[in-house]
Amino acid sequence: MTVVPVLCYHSVSDERRDGTLRWSVSPGDFDEQMALLRQRGHRPLTVREYADLLRRRAPLPARPVLVTFDDGFADLGHAALPALRRYGIDATAFVITSRVGAVHEAGPTLRWDELAALRDAGVEVGSHGHTHRELDCMNSEALRVETATSRRILEDRLGAPVTSFAYPYGYHDRRVRRAVLAAGYTAACAVKNALSHPQDDVFAIARVLVERHTGAGGIEAVLTGRCHPAAWRGERLRTRGWRAYRRARCAVDAARGR
């Protein structure tokens with residue numbers, strides 16, 4: 001089976017913020033990893049491009065790979081983009097619209113003009129929700145607002161179609177998928193720490209989280225398919241169990257007025 005590595009980055013920075021260094025890849029390491037993609041002859045695709053191929057069951061290019069970013073940290077513009085340009089890597093950035101231009105506890109985020117510059121540089125901009133909440137724990141109306149609002153704001157401010165979504169924390173179920181579809185998105189990314197493939201679910205595209213310690217060796221292992229399984233259809237039992245626990249926790253918090 002052809003496997004498609006879909007890499008999920010967050011921050012590209014050496015700054016220590018709010019315990020998030022685990023998800024911050026050093027700029028030097030990121031440059032080395034992007035150089036590796038180019039040296040190995042991989043063909044970078046955006047999520048929009050890849051999802052279109054999956055829907056049409058069209059042949060994939062040789063050695064496809066996807067580079068995605070979650071949360072919309074400001075260092076995507078000044079640390080990651082130069083490397084993406086240097087090695088000709090197309091990418092997709094998933095943005096939390098309520099945090100655009102804010103100094104969040106995890107670090108500063110992209111401003112609207114910086115997002116426009118990313119768009120102009122060929123980076124696909126998608127939604128990561130409006131407030132980055134656990135969508136599968138929300139009621140139907142809140143879920144509708146969360147998914148539709150983010151898309152509307154992004155399209156209004158950037159003047160370009162927004163068709164891709166990434167579930168916050170990777171959490172989703174059938175109800176969340178229906179809301180994402182109803183909001184007008186045509187693809188969505190999950191996490192799974194598994195490799196995507198031509199039969200993957202276009203509304204639950206598998207990704208692999210890239211952490212600070214991953215390094216070029218870890219990326220090469222992902223690219224060669226040595227360390228992650230191919231994505232599965234549907235949900236695993238442990239995923240359902242984890243969701244039941246989180247829903248119970250949310251219900252208790254709501255009852256306590258949190």
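Biologist: Is Asp 52 buried, partly exposed or exposed, and what is its relative accessible area?
Modeller: The model is predicted, and the value is computed from it. Partly exposed lies between the 20% and 50% cut-offs. Asp 52 falls in that band and is partly exposed, with a relative accessible area of 29%.

Biologist: Which residue forms a salt bridge with Asp 52, its closest N and O atoms being 3.9 Å apart?
Modeller: Side chains of opposite charge can pair when their charged atoms come close. The cut-off for a salt bridge is 4 Å. At 3.9 Å between the closest N and O atoms, the partner of Asp 52 is Arg 55.

Biologist: Why are Arg 55 and Asp 52 separated by about one helical turn, and in which helix?
Modeller: The reason is their spacing, because the two residues are 3 apart in one helix. That helix covers residues 47-56 and is H2.

Biologist: What is the relative accessible area of Arg 55?
Modeller: The exposed class starts over 50%. Arg 55 does not reach it and counts as partly exposed. Its relative accessible area is 41%.

Biologist: What N to O distance goes with the salt bridge of Arg 111 and Asp 113?
Modeller: Arg 111 is partly exposed at 42% relative accessibility. Asp 113 is partly exposed too, at 47%. Their side chains meet in a salt bridge with an N to O distance of 2.9 Å.

Biologist: Which residue meets Asp 201 in a salt bridge?
Modeller: The N to O distance is 2.5 Å, and the partner is Arg 177. This pair links distant parts of the chain, 24 residues apart. Asp 201 sits in the loop between strand E11 (187-192) and strand E12 (205-209). In helix H6 (residues 174-182) sits the partner, Arg 177.

Biologist: Asp 201: buried or exposed?
Modeller: The buried class is under 20%. Arg 177 misses it at 26% and is partly exposed. Asp 201 has a relative accessible area of 14%, so Asp 201 is buried.

Biologist: Which residues do salt bridges that share partners join into one network?
Modeller: The structure holds 14 salt bridges. Some of them share partners and form one network. Its members are Asp 52, Arg 55 and Arg 56.

Biologist: Which residue stands opposite Val 125 in E9?
Modeller: Strand E9 (residues 124-127) is covered on both faces. Glu 124 and Gly 126 are buried on one side, Val 125 and Ser 127 on the other. Strand E6 (residues 92-95) runs parallel to E9, joined by 4 bridges. Opposite Val 125 stands Ala 93.

Definitions and conventions. Residues numbered from 1 in each chain as written. Predicted model: local features only at pLDDT ≥ 70, side-chain atom pairs only at ≥ 80, totals over all residues. Heavy atoms only, no water. Buried < 20%, exposed > 50% of the residue type's maximum accessible area, 1.4 Å probe, protein only. Pairing = 2+ DSSP bridges.
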